[in-house]
Amino acid sequence: MEVETRSGGSSASEGRWSQSGTSLPVRNVQALAGSAAELTADTIQRYIQPGVDGDTVLAEHSDEVPVIDLAKLLDAESVEAEAAKLRFACEDWGFFQVVNHGIPVEVITGMKHDIQKFFQLPLEVKNTYAQRVGDLQGYGQSFVLSDDQKLDWSDMFGLFSQPPQARDMSFWPNQPPNFRNSIKEYSSELMKFTHSLATFIAKTIDVDPELMEDKHVGQFLRMNYYPPCTTTPEKVLGFSPHSDGSFLTILLEVNAVQGLQIRRHCAWIPVKPRGDALLVNVGDFLEIMTNGKYKSIEHRVTINAKKERLSISAFQVPKYDGIISPVLGSTEEKVLYKTIRVEEYARIYLSSKRDGKRTLDYAKLSQI
């Protein structure tokens, strides 16, 4: 099945990303969190994550998260030193913040404003854009694959935004009035940013940037709403531990409430987002392409007891009918990952419960 655009066209490749997975319908978390009468021990039990309150969290390491300056990468005098920092961030962290990213302030401000307004709409209005069976897009939840699995304390609204011919405009809201335009502008700016960043990532591993051109042509925007949990915030998660089935993921924090944590050295490190930065993490496809030199990062989202948290994740993905192969640095380098079809990996990733980086084991030739 292909995704038809508003004009009646279709994208035979990127459109099929939309039908590569689905999620079972479950109750709306925002509505549940706002109803004291419904927020009982029985209803919240399905959201309780066993043992999560005992995990090691090292908040003192938050300031160590690498910061990359895109302006310095674009400057001939500073590119060498900044590219070395980028290489270290991809190798050692799999995660970094990018400042001077080039996306106009008014584009980001407009996107943040409209997302907040969308999640403030009445539930019946948001449900007019609800997920449909067999489609990843729409308003609802992610990765609900069984009737008895533990649930994440969040709601999401997802859209395939790139390439333009892959858009299914029936999912694109008419409210707030400027929302569609805000999404288009932000999505377009992200594509420019991703192209620049991927070019420099290619250079850090001595790969022709043209080899990466088809690795980030698709884009899925997931707008996340994490309500406060007033009862047991330390025992629920907004998003269970996972790595991303993307090439790169770009995160924009909509408000100043912390929640994102990354896994490093068997502990969780809270991320303190800078107001002027985009957060970037290495995805599974980039780990495969670099033969494991650059690691996709395992991450999760925790919940605040009093404040809501909103964010926008942009998953930059390869052509659906493409192939990802490990690129070796020398003839002596051992091949650690399979050459895989993007469609095959996408279906496995999207039909699996979130469980750290376990899906990536499928792409490995042997345990690393």
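This report describes a predicted model, taking up its sheet, one residue within that sheet, its cavities and some backbone features.

## The sheet

The model contains an open sheet of 8 strands, whose pairing is mixed and whose strands follow the order E1-E2-E10-E7-E12-E5-E4-E3. At the edges stand strand E1, residues 67-69, and strand E3, residues 138-140, each of which pairs on one side only. From one strand to the next the twist averages 25°. Within this order, strand E7 (residues 248-253) and strand E10 (residues 278-282) run antiparallel and are joined by 4 bridges, and threonine 249 is found opposite asparagine 281 of E10.

Two helices that pack on the sheet can be described together with the strands they touch. Helix H4, residues 79-93, packs on the sheet and touches E1, strand E2 (95-99) and E10, while its direction makes about 145° with that of E1. Helix H5, residues 105-119, also packs on the sheet, where it touches E3, strand E4 (155-162), strand E5 (218-226), E7 and strand E12 (309-317). The direction of H5 makes about 55° with that of E5.

## Leucine 252 in strand E7

Strand E7 includes leucine 252, a residue that counts as buried because its relative accessibility of 3% falls under the 20% cut-off. Leaving aside residues up to four places away in sequence, leucine 252 touches Ile108, Lys112, Tyr186, Leu278, Ser311 and Ile312. The chain also brings leucine 310 into this description: although leucine 252 and leucine 310 are 58 residues apart along the chain, their C-alpha atoms are separated by 9.0 Å.

## Cavities

Rolling a probe the size of a water molecule over the atoms shows where empty space is left. In this model there are 4 cavities of 30 Å³ or more, and the second largest of them holds about 210 Å³ of space. Its lining is made up of 23 residues, and those that lie nearest the centre of this cavity are Ser142, Phe143, Val144, Leu151 and Asp152.

The elements that give two or more residues to the lining of the second largest cavity are E4, E5 and strand E6 (237-242), and E6 gives the most, with 3 residues. By character, the lining of this cavity divides into 8 nonpolar, 8 polar and 7 charged residues.

## Backbone features in the loops

Most residues other than glycine have a negative phi, and most peptide bonds are trans. Against that background, two peptide bonds before prolines can be pointed out. The bond from glutamine 162 to proline 163 is cis, with omega near -5°, and a cis peptide bond also joins glutamine 175 and proline 176, with omega about -10°. Proline 163 is placed in the loop between E4 and helix H7 (179-204), and proline 176 likewise has its place in the loop between E4 and H7.

Two residues other than glycine have a positive phi that may be noted here. Asparagine 100, in the loop between E2 and H5, has a phi near 50°, and it is partly exposed because its relative accessible area of 47% lies between the cut-offs of 20% and 50%. Aspartate 206, which lies in the loop between H7 and E5, has a positive phi of about 55° although it is not a glycine. At 76% relative accessibility, over the 50% cut-off, aspartate 206 therefore counts as exposed.

Methods: Residues are numbered from 1 along each chain as its sequence is written. This is a predicted model: local features need pLDDT of at least 70, side-chain atom pairs count only at pLDDT 80 or more; totals for chains, interfaces and linings use all residues. Side-chain values use heavy atoms; hydrogens and water are left out. Two strands pair if DSSP finds at least two bridges between them. Axes are lines fitted to C-alpha atoms, for helices over the stretch in contact, and angles run from 0 to 180 degrees between N-to-C directions. Contact means heavy atoms within 4.5 Å. On a 1 Å grid over the protein atoms alone, a cavity is a set of points where a 1.4 Å probe fits but cannot get out, and a pocket is an open set with protein on both sides within 12 Å along at least five of seven lines; lining residues have an atom within 4 Å of a point. Grid points are joined across faces, edges and corners, and a volume is the space filled by probe spheres set on the points. Ala, Val, Leu, Ile, Met, Phe, Trp, Tyr, Cys and Pro count as nonpolar, Asp, Glu, Lys and Arg as charged, and the others, Gly among them, as polar. Buried means under 20% relative accessible area, exposed over 50%, partly exposed in between (1.4 Å probe, protein chains only).
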